[in-house]
Amino acid sequence: DPNIPKPVGYNASDPAACLEPNLPNAMVFGRDTMGYVVMRQGWNSGNTQISFKAGDYLAHHQHYDNGTFTIFKYAPLVINSGGYGPYTGVHRLNYYIRTVSKNGILVQRPDEIWTPSGTAPPGGYLNDGGQRIVNATGSSVRSYENWLANKTSGANYELANITSFENVDNQYSYIASDLTRSYNSTLYDSEGQGGKVSKVTRQTVYLQDNDIMVVFDRVASTDPT
């Protein structure tokens, strides 16, 4: 909104200069729903920008990308790959929206058959070892109340949680996430097979001053093979 008063120190020729003292370097958006985190090294040109996702199923246009991150520094360095194409096409349904096209955790269960509701691509869904498909070509969420009723039962729309977040400007940003429900797990298996994992977590810490990001994963599979 151009009518909102600008922060103290705003200079149209250098708009980022006034952001440093007025905005934090990291923030969570929709912690209990969307689960989206943005982390920055700072607010100047050339500073690293990182995004991280760990949230619930909200709409069928979203991807199966919980626990994944992107990194931008002068140019996109770590990305969500793939490109938008035909809505029910093979590329979109077997790659673009799937965990394999990001830097998500893959756990291969050979007999996983991928039978979500909606229209499957020709030949069915490929087994990418990624997160369970809730709805790939349509959404049955009719209202907020309907979403709540199916959060941990029925369609099981709860997928991931940000369990811890801390930011100290110019020092570090820390995220801990539980991704277990994103996968066919012991908490819920859409194929009724008891789950391929009992626990999946990802922690990240971004050291702003050193410009270093560390990622630590824990995966407990139900079958060691």
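**Figure 1. Aromatic pairs, with Y84 and Y96 in view.** This predicted model holds three aromatic pairs. In the pair shown here, Y84 and Y96 meet edge-to-face, with 6.1 Å from centre to centre and 80° between the planes. Those two values are worth a look, because a pair of aromatic rings is described by the distance of the centres and the angle of the planes. Y84 belongs to the loop between β5 (75–78) and α1 (90–96), while Y96 is part of helix α1, so their pairing ties together parts that lie 12 residues apart in sequence. How exposed or buried are the partners, Y84 and Y96? Y84 counts as exposed at 54% relative accessibility, whereas Y96, at 18%, counts as buried.

**Figure 2. Charged ends over aromatic rings.** Stay with Y96 for a moment: the charged end of K102 sits over its ring, 5.7 Å from the ring centre. A second view of this kind brings in R98 and W114. Here the charged end of R98 is found over the ring of W114, at 4.7 Å from the centre of that ring.

**Figure 3. An open sheet of four strands.** Follow the strands across and you will meet them in the order β6-β7-β8-β9, with antiparallel pairing. Which strands stand at the edges? They are β6 (161–168) and β9 (212–221); each has a single partner strand, so one side of each is left without a neighbour in the sheet. From one strand to the next, the twist averages 5°.

**Figure 4. Strands β8 and β9 side by side.** Zooming in on the sheet, we find β8 (residues 197–207) joined to β9 by 10 bridges. The two strands run antiparallel. To get your bearings, look for V205, which stands opposite V214 in β9.

**Figure 5. Y74, a loop residue with positive phi.** Look for Y74 in the loop between β4 (69–73) and β5. Its phi is near 70°, a positive value in a residue other than glycine. That is worth pointing out because most residues other than glycine have a negative phi. Y74 is exposed, with a relative accessible area of 63%.

**Figure 6. N170, in the loop between β6 and β7.** This last view takes us back to the sheet strands, to the loop between β6 and β7 (172–178), where N170 has its place. The phi of N170 is near 70°, again a positive value in a residue other than glycine. With a relative accessible area of 47%, N170 is partly exposed.

Notes. Residues numbered from 1 in each chain as written. Predicted model: local features only at pLDDT ≥ 70, side-chain atom pairs only at ≥ 80, totals over all residues. Heavy atoms only, no water. Phe/Tyr/Trp six-rings, centres within 6.5 Å; stacked < 30°, edge-to-face > 60°. Buried < 20%, exposed > 50% of the residue type's maximum accessible area, 1.4 Å probe, protein only. Lys NZ or Arg CZ within 6 Å of the ring centre and 35° of its normal. Pairing = 2+ DSSP bridges. Axes fitted to C-alpha atoms, helices over the stretch in contact; angles between N-to-C directions.
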